[in-house]
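Welcome! Here are a few short exercises, each followed by a worked solution to read at your own pace.

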Amino acid sequence: MRQLFLWHRWLGIGLCLFMSLWFISGMVMLFVGYPKLTHAEHLQSLPVLAVEADYIDVNQAIITSGQAKPPTEVKLSSIAGKPHYLLRFPEQAVIAIDAITGQKIDTTNQDQALASAQAFYPAAKPEYIGRIEHDSWTLSRDLDPERPLHKIRLSDDAGRILYISSHSGRVIRDATFQERSWGWLGAWLHWLYPFRNLSWWSKLIIYLSLGATAMAVLGQFIGIKRWRFNRTYRSGSHSPYSHGNMRWHHLGGMLFGFLLIAWIFSGLMSMNPWNLLANKSEIDIQSFKGEALNNFNTNTTTAELIQNFQQAGIQPRELVWNKVAGKDWVTAYDEHGQSRVQALSSTALVLQIVPFMALKHAVQSMSDTQKFQLEWVKDYDFYYFAREQQSMYGARERPLPILRAKFDDHAKTWIHIDPNNGVVIESIDQNRRIARWLFNLLHSWDWQPLLDRPLLRESLIILFSIGGLIICISGTILGWRRIRRKVNSSVKLQKFINNNQVNDI
């Protein structure tokens, strides 16, 4: 027990302050997240695609990109109010091709960035700040191919700053004044972003979380051992500590200790330490398309596609080309994110979703040997759920209904498919479903009955976070006092030794 006390004490002296910051920043992140540009914000900033424009062929745009490999995403969108084909390739910046002139955009200057920002928020005056590699709000690895970035401040009510790719001129992130202000106390602290660019950043979080978990488990064990359930101490309390921070620390641990352990441990699991919960599925997701994203059927021109969608009751702001089991499809999105799909075939029908048989055939092409089951998911459940915009998953699109394919492979893979555009949303094997329990449930309380009642969920998280904060702050105070006593004792001992030496002389 003596050794357990010492381990708990000295781990606490080193880690309680970190844990206090994690609880404070976690409560902030309930309401204000790290800046991101959502699909909805992106669509609302785009103009309606003009039906009368003389668009170049989508296949010509792919050829103009000059890439040997086919793109992984093909879309028609707008940059600075003008239509551009946007082609995404692995590990490089999105390539923009002017949809009218066919010119490839290699780089953008200050004036082009300002024009892009003005088109994105026409009511606000843009002010150019500079060209940066990164700052506090653009540390995401996903932005690396687009660097350097143009940074522009808007004069809107939200105090936005826009970040624009120097390669294509696309707006790729916006950060409001509220997100930037609260972000220092929220995501910046929670994810230890001062160390984000260091190679050992992830290891720092893993080992801090591991040490904090060990400390919390030891504290819980000691706390229970010291608690007298059937009788009291002389003070009349079941705790041996009758007053002060030790009493707060002990009582807080008894009330909230197990939740503290769950939160710290689940934070550790969020980093997927040593790839313990890595996705081990061998199902070939790329086979769902059947063919590479090129050589599309262009018997129907881009202008005719837009006209067809308009006649079907949707005003396209973005078109996305895709393949499902080798067949060509185009999806149109309006400003509200509503979509329609059209097969690039002689029938040229505009549909609500890609037909079930086409999706089933595409699933069959993903594995020649594994059996699978298909089911429609019409409501969010434990393994498929949506989060509010400010959360770390706020930028993920989670449409309903979706098609779930359950494979009988060794990893027990589930594939989630969006029938609105025929795209694989995600692949989650048994490991990732375990991670769902160990991280999302324990850390963020992403349980559908609570997600459906956000006020209750937020109130409970704040209540128990305050409980965890009581444990950590009282532990921090105790640790500081312990260190101060040690220092004072050392100083007094040194003075005593020095005085004796003088007397001996």
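**Before you start**

The protein chain has an average pLDDT of 92, and 98% of the residues score at least 70; pLDDT is the predictor's confidence in each residue, from 0 to 100. This is a predicted model, in which local features need pLDDT of at least 70 and side-chain atom pairs count only at pLDDT 80 or more, while totals for chains, interfaces and linings use all residues. Residues are numbered from 1 along each chain as its sequence is written, and side-chain values use heavy atoms, with hydrogens and water left out.

**Exercise 1.** Find where confidence is lowest and where it is highest in the protein chain.

*Solution.* Start with helix H13 (residues 454-504), where confidence is lowest, at a mean of 83. Then go to strand E6 (residues 149-154), where it is highest, at 98. Helices (H or I, at least four residues) and strands (E, at least two) are DSSP runs, numbered from the N terminus.

**Exercise 2.** Work out what the salt bridge between Glu-127 and Arg-153 ties together.

*Solution.* First, the term: a salt bridge is a side-chain nitrogen of Lys or Arg within 4 Å of a carboxyl oxygen of Asp or Glu. Next, the distance: the Glu-127 and Arg-153 side chains meet at 3.8 Å, N to O. Finally, Glu-127 sits in strand E5 (residues 126-132) and Arg-153 in strand E6, so the pair ties together parts 26 residues apart in sequence.

**Exercise 3.** Decide whether Glu-146 is buried or exposed.

*Solution.* Buried means under 20% relative accessible area, exposed over 50%, partly exposed in between (1.4 Å probe, protein chains only). Glu-146 has 4%, so it is buried.
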